[in-house]
Amino acid sequence: MHLLNLGILAHVDAGKTSLTERLLHSVGVIDEIGSVDAGSTRTDTLALERRRGITIKSAVVSFTVDDVTVNLIDTPGHPDFIAEVERVLAVLDGVVLVVSAVEGVQAQTRVLMRTLQRLRIPTLLFVNKIDRRGARYDGLLRSLAERLTPAIVPMGTVAGLGTPQARFSPGIGPGDVLADHDDDLLSAYVEERVDEGLLHRALVDQTRRSLVHPVYFGSAATGAGVPELVTGIKELLPAADADPEGPVSGTVFKVERGPAGEKIACTRMFSGTLGTRDRVPFGEARAEGLVTAISVFDGGSETRRDTVPAGRIARLWGLSGVRVGDTLGEPRKAHGRFFAPPTLETVVAPGPDTDTRSLHLALTRLAEQDPLIGLRHDESRQETSVSLYGEVQKEVLQATLAEEFGLDVTFRETTPLCVERLVGTGSAVRFNKQGGNPFLATVGLRVEPAPVGSGVEFRLEVELGAMPYAFFRAVEDTVRETLGEGLYGWPVPDCAVTMTHFGYSPRQSHAHQGFNKAMSSTGADFRGVTPVVLAEALRRAGTRVHEPLHRFRLEAPADTLGALLPVLAALRAVPENTVVRGETCRVEGVVPAARLHELEQRLPGLTRGEGEMESAFGHYAAVTQGPVPYRATPTRKS
């Protein structure tokens, strides 16, 4: 028996959760198919998910097909919850990407497919809703080839398209795509000796290497095409790469809270076997935690076990300090970020009866579950900001705080999450016991611009052994923390900071007395003086605020282009490529993140409801129009 960790991905409303229900029913895990509209699905367990009819958190269910055990992970389809998808991708062996036969390839479908191809995750395509009026077959296959990937292999044909009687008839389509990657198969075509067995072997090999993508048609509502998809999952996708005898190594892709508030780490094991009462290092600090309980997903249910071997997905208790993305045991090669970070933020405003400390604790817990929820507390204003992908995420966050924590909050207007980039080089120094420096520490720093995407680099121009290491560490940690707010209050992400001066007062004490910190330097002295020095160096270097821009691709009826272009200009969008083909036009360009939501809202009215748009974070650009946006009080510039 082999294991397969399978993800179900899709654009919102393509029928992903309904397909999950049908799969579980077809293999005998559930007796009755749940309904998204009725809020009775197996994987949408949150009350908020059931009420809104969307998936917000990933959920794991298990089933068995012959000798294959499948851990199926249902993921959110809405782009505001792309962070949840990102975490799941790191633990998958294969994917079913769901496309609607009516709506076809949509914006999120393209974003997901590009990511799956970049990560080379074997992927099957399932075209859902063939029973709906307006469903397409030939035209949709062309759209898949043009807008997703030409490397598709139809796995059958459809009869009764667009009716409740629609059926899928299996059979491998033309093998020319397979022959592109297989010289033996190409020779067989030339010599006219191709048989079904040869095609099937090539299909298995190339699907598992993510060279081609089989396409199944069907309906989650009627069950058409689902048995054929199950066969494809069993035969075409690869088994989990796992070594139960190797060193323990796993990845935490989700953190939950139990009834008593305890942390539960959802983990994919890649190597070794982990047992209860085992101590395992995790996270960047490599702190050890004691595993107190384990449950695994098996045969449609969750079962308590004493051990979890490589390949399995488990829920682990006892790791109180664990965070999403942590590696357990032996570190693995990091995939890096698959999708762009959030580019929006909003201030959380507590209601009249909401305790601010309780709110801070609740937001901290939510940030543990979603590391892309960035929290920032402004002490001077006594305000907490959170980073976001979009307005739906804000609504869900508000409802979650109300339902799970009993906290009444509102949100200020969503604003773009800008960054500051250095204009030049600046230096500053404060000397121990001189010039009104109240701290027993000498710190000199030089800041310089660094290439975009390089991050913050801390360097030394002083001898490391000339001062206690803890003091150097205090300076570096404080530098990185301080760069979270530049001159205008925005993060300074890409720069080199060099320590040019240092000095300290050695440990002193009076006779017959203990350590006197009034005469001796401590880490607190270095943590106190470093922000002052760094702020002065930043002022001398100068910074410029850059706002996030999103790339967009918009398709609409050609006769609406005249109405679209003035609106794009008013929203500060810059069309870079405009193409008119027959009755359709396509506009590609960039738009400020601050105006993206408004563009999405206005598009249907401008295009008679026929416009489609996809967007993704592109880059940061210097703010050149209007006042410079401040994140903190303007006095910060003085």
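A nonpolar core is a set of buried Ala, Val, Leu, Ile, Met, Phe, Trp, Tyr and Cys residues joined through side-chain atoms within 4.5 Å. In this predicted model, the largest such core holds 76 residues. Val 96, Leu 144, Phe 217 and Ile 233 touch the most other members of that core. Beyond its neighbours within four places in sequence, Phe 217 contacts a long list of residues. Aromatic partners are Phe 126, Tyr 137 and Phe 168. Aliphatic partners include Val 127, Ile 130, Leu 140, Leu 141 and Val 158. Arg 136, Ala 224 and Gly 225 complete the set. A second core is separate and has 33 residues. Among them are Ala 428, Phe 472, Val 492 and Val 545.

The protein as a whole comprises 638 residues, of which 54% are buried. Its secondary structure consists of 15 helices and 33 strands. Contacts in the protein between residues at least 6 apart in sequence were also sorted by separation. Of these, 71% join residues at least 24 apart.

Helix α12 spans residues 469-482, and helix α13 spans residues 523-541. The two pack with their axes 8 Å apart, at an angle of about 40°. That angle falls outside the ranges for roughly parallel, roughly antiparallel and roughly perpendicular pairs, so α12 and α13 are oblique to each other. Their crossing is right-handed. On the α12 side, the residues that meet α13 are Phe 471, Ala 474, Val 475, Thr 478, Val 479 and Thr 482. On the α13 side, the partners are Gly 523, Phe 526, Arg 527, Thr 530, Pro 531 and Leu 534.

Two lysines have a positive phi. For Lys 129, phi is about 70°, although this residue is not a glycine. Lys 129 sits in the loop that runs between β5 (123-128) and α5 (138-147). Its relative accessible area is 11%; because the limit for burial is 20%, Lys 129 counts as buried. For Lys 433, phi is near 65°, again positive in a residue other than glycine. Lys 433 belongs to the loop between β26 and β27. Its relative accessibility is 59%, which is over the 50% cut-off, so Lys 433 counts as exposed.

The loop between β26 (426-430) and β27 (441-449) also holds Asn 437. With a relative accessible area of 10%, Asn 437 is buried. A polar atom of the Asn 437 side chain lies 3.0 Å from the backbone nitrogen of Phe 439. Neighbours within four places in sequence aside, Asn 437 contacts Arg 430, Phe 431, Asn 432 and Val 529.

Strand β27 contains Glu 448. This residue has a relative accessible area of 22%; because that value lies between the 20% and 50% limits, Glu 448 is partly exposed. Glu 448 and Ala 537 are 89 residues apart along the chain, yet their C-alpha atoms are separated by 9.5 Å. Leaving out neighbours within four places in sequence, Glu 448 is in contact with Leu 422, Gly 424 and Thr 425, and also with Arg 459. Further contacts of Glu 448 are Cys 495, Ala 496 and Thr 498.

Key. Residues numbered from 1 in each chain as written. Predicted model: local features only at pLDDT ≥ 70, side-chain atom pairs only at ≥ 80, totals over all residues. Heavy atoms only, no water. Helix = DSSP H or I, 4+ residues; strand = E, 2+ residues; numbered from the N terminus. Buried < 20%, exposed > 50% of the residue type's maximum accessible area, 1.4 Å probe, protein only. Polar contact = N/O pair within 3.5 Å; in protein donor to acceptor, adjacent residues only side chain to side chain. Contact = heavy atoms within 4.5 Å. Axes fitted to C-alpha atoms, helices over the stretch in contact; angles between N-to-C directions. Parallel < 35°, antiparallel > 145°, perpendicular 65-115°, else oblique. Left-handed = near helix turned anticlockwise from the far one by under 90°.
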